[in-house]
Amino acid sequence: MTTRTAKQLPHERRKGEAALSDFADFVEKQQALRYPTSKPAATTATSNNEEQHHEELDILDSLNLDDAVPQVPLRELLLASADDGDEEEDQKSLQKLVDVIDTRLLEGHTEAVFDLGFENNGDSMRLTKAEFDAALARLRKAARTVHADCNVLLTKNVGGDAEADSVAAGKDKDKDCIGKVMIRQAPSAAERVIETRIAVVGNVDAGKSSMLGVLVKGDLDDGRGKARVNLFRHKHEIETGRTSSVGMEIMGFDTEGKVITSDVPGRKLSWEEIGKRSAKVITFTDLAGHEKYLRTTVFGLLSSSPNYCLLMVAANNGLIGMSKEHLGIALALNVPVMVVVTKIDICPPNILQQTLEQISKILKSPGARKIPVFIRNREECINTATQFVSQRICPIFQVSNVTGENLDLVRTFLNILPHHGRYDADAAFEFHVNDTFSVPFVGTVVSGIVKSGVIHTGDSVLIGPDSLGNFTPTSVRSIQRKRIDVPAASAGQSASFALKKVRRKDVRKGMVVLPKVHREFVAEVLILSHATTIKTKYQAMLHVGPVSQTCAIIDVDRPFIRTGDRATVAFRFGRTKGLGIVKAVGYDPRRPLMPTTGEQEPGQGQGQGGRGGGRGDVYAGVGWGLKGVIFTFFQVLVFQLALSIG
Ligand SMILES: Nc1nc2c(ncn2[C@@H]2O[C@H](COP(=O)(O)OP(=O)(O)OP(=O)(O)O)[C@@H](O)[C@H]2O)c(=O)[nH]1
Ligand SMILES: [Mg+2]
């Protein structure tokens with residue numbers, strides 16, 4: 001990995017960094033092409049007010065409040081019942097408010113943050129305290145008709161628990177009563193629970209397992225590894241205290257934003273208990289920080305298909321060891337990153353300051369191009385959480401798992417975290433297998449993530465590839481989400497399937513479940529660093545989601561490529577570092593990528609992995625290493641890890 005490679009010269013590093021951030025923008029655009037209907041994550045540097053207003057106008061558009069329908073100000077809808085006693089009129093205006101809420105809930109995947117006190121165009125309603133209370137009561141009433149609850153996150157000039165500190169400090173001149181209200185719908189069925197996946201990374205001993213233990217169980221750590229105990233999956237992990245595998249933890253929130261915990265302190269609830277009582281579930285993947293387990297961690301990062309990445313840093317150590325590698329992959333995956341600095345209870349203030357400066361510097365570096373935002377109070381927490389879909393913002397928390405300091409800010413943040421991710425339920429079905437089980441009376445079960453499409457019990461599918469590159473036909477006997485039986489699973493959800501007529505020993509993690517298979521693909525790649533030039537016949541290890549396979553280059557769009565080049569396909573195992581995006585599945589040898597050159601010798605593309613197929617077999621897909629692996633459009637590839645930054 002980068003630690004072992006020769007030191008890059010500054011200008012080389014800058015070239016790599018600039019190329020990486022350009023590439024992140026490129027991936028963003030390509031993903032937008034693949035998912036044209038989904039809302040893109042904001043890519044601009046700041047989400048200023050102007051932009052927020054545009055978003056709200058989008059909502060207006062979807063409400064069809066154009067010239068034909070006279071637009072009723074929200075204020076009127078919210079304060080309607082206060083005036084006359086006309087029952088019918090009252091019902092009508094309540095229904096209009098319900099429609100507004102419904103649209104917002106649809107936009108935000110069954111939850112929405114409502115700015116009470118503002119019209120859709122951002123104008124203040126100039127509410128008095130009495131009006132604010134009436135409007136809130138009306139909002140609650142309307143929300144209840146669609147089985148949603150309201151939770152007041154933050155108020156200004158209203159008083160009470162959620163009042164912003166900035167008001168007391170006299171920082172705000174505005175005297176209008178306003179509030180941010182989270183409206184969250186109770187899921188109609190288990191398969192509709194909002195799910196957000198967060199990959200937790202950071203150096204060994206950063207406190208990853210401990211913080212997850214504290215978050216899911218609700219009691220504190222003792223600084224000597226108490227909180228992490230239940231999270232370990234292997235005996236040697238308990239003995240060494242080091243995570244070596246990919247752990248999974250879930251944290252649930254109810255419609256009012258309260259964490260679902262056991263009534264008995266310190267007892268961990270089962271997934272089923274959490275799943276049944278939650279309206280929103282956060283799935284954490286607890287990854288290993290030790291370099292020895294880097295491969296496993298990379299697998300965990302890619303295969304869990306995270307919506308967000310949480311980078312944990314011990315205050316007294318700073319960003320050391322593998323944490324830069326982890327951050328690099330998170331950046332390449334183009335997911336929003338949040339940073340949690342732990343162990344502030346044992347860290348001298350000057351060292352903490354150094355660590356915070358180091359983190360800021362790396363986040364702002366050209367490779368990362370993030371805006372660090374320090375979260376010190378509820379107000380900052382809520383304002384940042386509601387804007388976090390912007391890839392550029394990187395919140396930084398400072399916590400102690402031992403004293404519990406600032407952990408409530410992390411909880412509040414996680415509760416508000418907008419659902420993020422692009423999934424296309426209308427595309428062809430694709431499922432990545434992350435784990436396999438043999439369940440008594442059920443048979444072979446595979447768990448993983450539905451990348452696209454929808455699957456129902458009884459559907460016929462293919463699972464593979466096996467060691468020979470073949471796919472086995474099977475059908476889905478039953479489907480579970482968070483250990484609860486469901487009739488279907490759709491894009492973006494994690495699920496497990498019981499498969500018919502397949503033995504446990506014939507399935508393994510890294511396999512995929514699909515209705516149809518391709519063996520070749522065309523990708524646009526970027527070479528971050530490579531000592532020489534790259535041509536056809538090179539072989540490389542390719543990581544796509546949970547899939548890791550050697551693959552050979554069978555064609556390139558130019559005679560050769562080198563560091564900094566963006567081309568169609570490249571790389572080699574070893575020092576090669578690159579990133580890519582799949583542009584097309586299948587490859588037609590009659591249409592070479594570089595149309596002018598005809599002298600390439602196709603048969604030699606097999607490299608070391610060649611399995612005897614004669615010349616020309618390569619193009620038939622027989623002779624090359626990428627046997628049987630399926631790729632779909634516009635997936636991000638990470639070749640032999642990403643970059644070194646900072
Ligand atoms: N004082 C103090 N100790 C902490 C804090 N968080 C974690 N620890 C301790 O730090 C040690 C390491 O914590 P772990 O949770 O195992 O760290 P990890 O990041 O999961 O480490 P790996 O799994 O090996 O990558 C344990 O002894 C914890 O009790 C904290 O906020 N304050
Ligand atoms: Mg751990």
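In this predicted model, strand β4 (residues 194-202) has 9 of its 9 residues buried, so the rest of the structure largely encloses it. In a regular strand, side chains alternate between the two faces of the sheet. For β4, I194, T196, I198, V200 and G202 point one way, while E195, R197, A199 and V201 point the other, and all of them are buried. The strand has parallel partners: 7 bridges tie β4 to strand β6 (residues 280-286), and 5 bridges tie β4 to β7. To pin down the register, I194 has K280 as its bridge partner in β6, and V201 has L311 as its bridge partner in β7.

L311 turns up again in the largest nonpolar core. This core has 106 residues, and L139, L311, A330, V339 and V340 are the ones that touch the most other members. Strand β7 (residues 308-314) supplies its largest share, 7 residues. Residues come from both domain 1 (74-185) and domain 2 (190-416), so the core lies between the two. In soluble globular proteins, nonpolar side chains tend to be buried together.

A330 is worth a closer look. Leaving aside residues up to four places away in sequence, A330 touches V201, C309, L311, V335 and V337. A second, separate core of 23 residues includes I449, A491, V512 and V513.

Helix α11 (residues 323-333) is mostly covered, with 11 of its 11 residues buried. The buried set takes in A330 along with charged residues, including K324 and E325. Right after α11 comes N334, with a positive phi near 65°.

Strand β3 (residues 178-185) tells a similar story to begin with: 8 of its 8 residues are buried, so β3 too is largely enclosed by the rest of the structure. One side carries I178, K180, M182 and R184 and the other G179, V181, I183 and Q185, and both faces are covered. The pairing here is antiparallel. Strand β1 (residues 111-116) pairs with β3 in that sense over 6 bridges, with V113 opposite M182. Strand β2 (residues 148-156) also runs antiparallel to β3, joined by 8 bridges, and here A148 stands opposite Q185.

Both β2 and β3 are among the elements that cover the buried residues of α13, as are α6 (165-168), β9 (371-374), β10 (393-398) and α14 (407-416). Within helix α13 (residues 378-386), the buried residues are E379, C381, I382, T384 and A385. An α-helix has 3.6 residues a turn, so residues three or four places apart point the same way.

Moving to a loop, V246 sits between α8 (235-240) and β5 (247-253). Why does V246 count as buried? It has 22 C-beta neighbours inside 10 Å, and the cut-off for a buried residue is 20 or more. Setting aside residues up to four places away in sequence, the contacts of V246 are T285, L287, T296, F299 and G300. T296 is 50 residues from V246 along the chain, yet their C-alpha atoms are separated by 7.1 Å.

Finally, there is the ligand site. Of the 26 residues around ligand 1, those that come nearest are G207, S209, S210, T243 and G289. Helix α7 (residues 208-217) contributes the largest share of this shell, 3 residues. Sorted by class, the shell around ligand 1 comprises 13 polar, 8 charged and 5 nonpolar residues.

Conventions:
Residues are numbered from 1 along each chain as its sequence is written. Chains are lettered from A and ligands numbered from 1 in the order in which they are written. This is a predicted model: local features need pLDDT of at least 70, side-chain atom pairs count only at pLDDT 80 or more; totals for chains, interfaces and linings use all residues. A residue is buried if 20 or more other C-beta atoms lie within 10 Å of its own, exposed if 12 or fewer, and partly exposed in between; C-beta atoms are placed from the backbone. Helices (H or I, at least four residues) and strands (E, at least two) are DSSP runs, numbered from the N terminus. Two strands pair if DSSP finds at least two bridges between them. Two residues are in contact if their C-beta atoms, placed from the backbone, lie within 7 Å. A nonpolar core is a set of buried Ala, Val, Leu, Ile, Met, Phe, Trp, Tyr and Cys residues joined through C-beta atoms within 7 Å. Domain bounds come from an automatic or database domain assignment. A residue is near a molecule or strand if its C-beta atom, placed from the backbone, lies within 6 Å of it.
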